[in-house]
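Student: I'd like a close look at one small part of this protein, and then a walk outward from there. Could you take me through it slowly?

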Amino acid sequence: MPIRQFISKLSPRNWAMIGGAAAVSIVFLVIVMQMASAPSYSTLLTGLDPSQTGKITSTLSTQGIAYEIQNNGTALAVESGKTAQARVALATAGLLGTQQPGFELFDKQQLGSSNFQQQITYQRALEGQLEQTIESIQGVSSAQVQLVLPDQQSQLFSDSTTPTTAAVLLSGSTSLDPSSVRGIAQLVASSVPGLSASKVTITDSTGQMLWPTANSADGTSGGLLSKQAAEASYDAQMAAQANALLTNTLGPGKSEVEVNADLNANQSTSDALQYNGKGIPLTQQSQTETLTGGGATTGTAGTAGNIPGYASTTGSGSKYSNKTLNTSYGVNKTITHLTVAPGAINRQTVSVLVDKSVPASEIPALQAAVSNAVGLNTKRGDVISFGQMTFAKTPTATTGTPLNPLVYAKYVLAGIAALIFLFFMRRALKKREQEPFAGQPTWVRELSSPRPIATLEPAPQQTQVMQLQPPVNVAKRQIEDLVERDPDRVAQQVRAWMSED
């Protein structure tokens, strides 16, 4: 058969080349199939701020949408079939808005533009620069700034002037405390010429006004927090500490802590006066009087000038002495003027939920740890509650469609089978080459044995007159045909003859 003859003529080197070609073909097919089955991504956002990339990827992971970060974090691609779902998710979170350009607008401005065009370009550039700066603040997902800049030239000789105002809309700013909002107002006021903090209006995505507040309407105060803002800030801080403690202990997604505190937001003053029982002499005054008398004295009875008279008396000499000591003492006293800042805790309640996978024996230790973390005081009336329930599993997103090993297992097995077949085939051929030559073929014996002339001459009755032809060496012709048909066997016979000699 031609196929068997072709296989028998192959050398070990040829078999090695065929095996290598087969292995390369199998690897190429596997790579092509993997590339064909890999998910395709479509670019969704470009020109992203790297600080916003983490917020966008977190939102996509929550929705279970696979994504791919491109261009060093400034571009984002999602699966082609989930582009609309990704846009809806990012728009709901306020992360789909395009970023307004800043002062690079002046690079595209043409020569000969009017004063009005320059004013509008400056206003747009300033708004975009403020938006980029505000969005870099932690807790702000996106910001929109609208400025009202009056024309200074038109108001130069005018009696009434229009003040500069600014309006800021914040998205994703639920975690901002009043001090951060005040900082944003001061940032905008300091960036726009002629703008005061009282002319800045800041609102969130729900329409609630964040600035100016009731206690800072003039824009100059604002150091004091309202009761609701102070309680919200305290609750968030304590809950974050407790959640971090439980997350590091139990793992993510197994606990949730909420704190509700009642704070005293009233500022008060306290005056205290304290005396020390030990006196200290401040001034001391001493006075001494002495009088010495000698002989008798006589007196006349009667009156002289309405002054009564006394009878004369006699006696010996007399002495008079009087000492007076006056000391002024000062007592130590302490006068204390205290200003009690708002924020004292009246009462707080803590609610803790843990997953049912947490053993019940660990609940007391966790309760004690959370109580100490939030500063629970039972004498003040604080209460903590612990509960267990099955938590919902958070969907996790992958950066690509997971590969199914069974899909590529058949290709791998086919490649391994081909390699095993080629290995054993090469081994069998090599073993066959090393086997000794078994016996002498019949055709070789016929060629080597002498033949009588009578067998070569035709019988007399068969003698015919034929056309003369050139003599033909039949044995030579047979040997040539044999060499053409099976050269390997001829070569083996020749080697056998040479070994016999």
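Student: Which side chain does Asp486 meet in a salt bridge?

Tutor: Happy to, and keep in mind as we go that this is a predicted model. The partner of Asp486 is Arg489, with a nitrogen-to-oxygen distance of 3.3 Å between their side chains. That counts because a salt bridge needs a side-chain nitrogen of Lys or Arg within 4 Å of a carboxyl oxygen of Asp or Glu. As for the general idea, side chains of opposite charge can pair when their charged atoms come close.

Now check how covered the two partners are. Asp486 has a relative accessible area of 21%, so we call Asp486 partly exposed. The label depends on a cut-off, because buried means under 20% and exposed means over 50%. Arg489 is partly exposed too, with a relative accessibility of 44%.

How many salt bridges does the structure hold? The count is 2. Besides the pair we started with, Asp382 and Arg380 bring their side chains together, this time with 2.5 Å from N to O. Here the cover is worth a look: Asp382 is buried, because its relative accessibility is 6%. Arg380, on the other hand, has a relative accessible area of 27% and is therefore partly exposed.

From charges, let's move to greasy side chains. Val412, Leu413, Ile416, Ile420, Phe423 and Phe424 make a nonpolar patch of about 600 Å² on the surface. Two of its members can be placed in helix α9: Phe424, with the helix covering residues 405–434, and Val412. Phe424 is partly exposed at a relative accessible area of 47%, and Val412 is partly exposed at 43%. Val412 also shows you how a chain folds back on itself: its C-alpha atom is 8.0 Å from that of Ile26, although their positions lie 386 residues apart along the chain.

Next, find a pair of helices. Helix α5 (residues 115–135) packs with helix α6 (residues 178–191), their axes 11 Å apart and at an angle of about 150 degrees. That angle makes α5 roughly antiparallel to α6, because anything over 145 degrees gets that name. The crossing of α5 past α6 is right-handed. For a residue to click on, try Leu126, which sits in α5. Leu126 is buried, since its relative accessibility is 4%. The C-alpha atoms of Leu126 and Ser191 are separated by 8.5 Å, with the two residues 65 apart along the chain.

One last stop is the backbone. Most peptide bonds are trans. The bond from Trp211 to Pro212, however, is cis, with omega near -5 degrees. You'll find Pro212 in the loop between β7 (209–211) and α7 (227–250).

Conventions
Residues numbered from 1 in each chain as written. Predicted model: local features only at pLDDT ≥ 70, side-chain atom pairs only at ≥ 80, totals over all residues. Heavy atoms only, no water. Patch = residues over 30% accessible without salt bridge, like charges linked within 9 Å, V, L, I, M, F, W, Y side chains within 5 Å. Areas by Shrake-Rupley, 256 points an atom, 1.4 Å probe, with all protein chains shown as cover. Helix = DSSP H or I, 4+ residues; strand = E, 2+ residues; numbered from the N terminus. Buried < 20%, exposed > 50% of the residue type's maximum accessible area, 1.4 Å probe, protein only. Axes fitted to C-alpha atoms, helices over the stretch in contact; angles between N-to-C directions. Parallel < 35°, antiparallel > 145°, perpendicular 65-115°, else oblique. Left-handed = near helix turned anticlockwise from the far one by under 90°.
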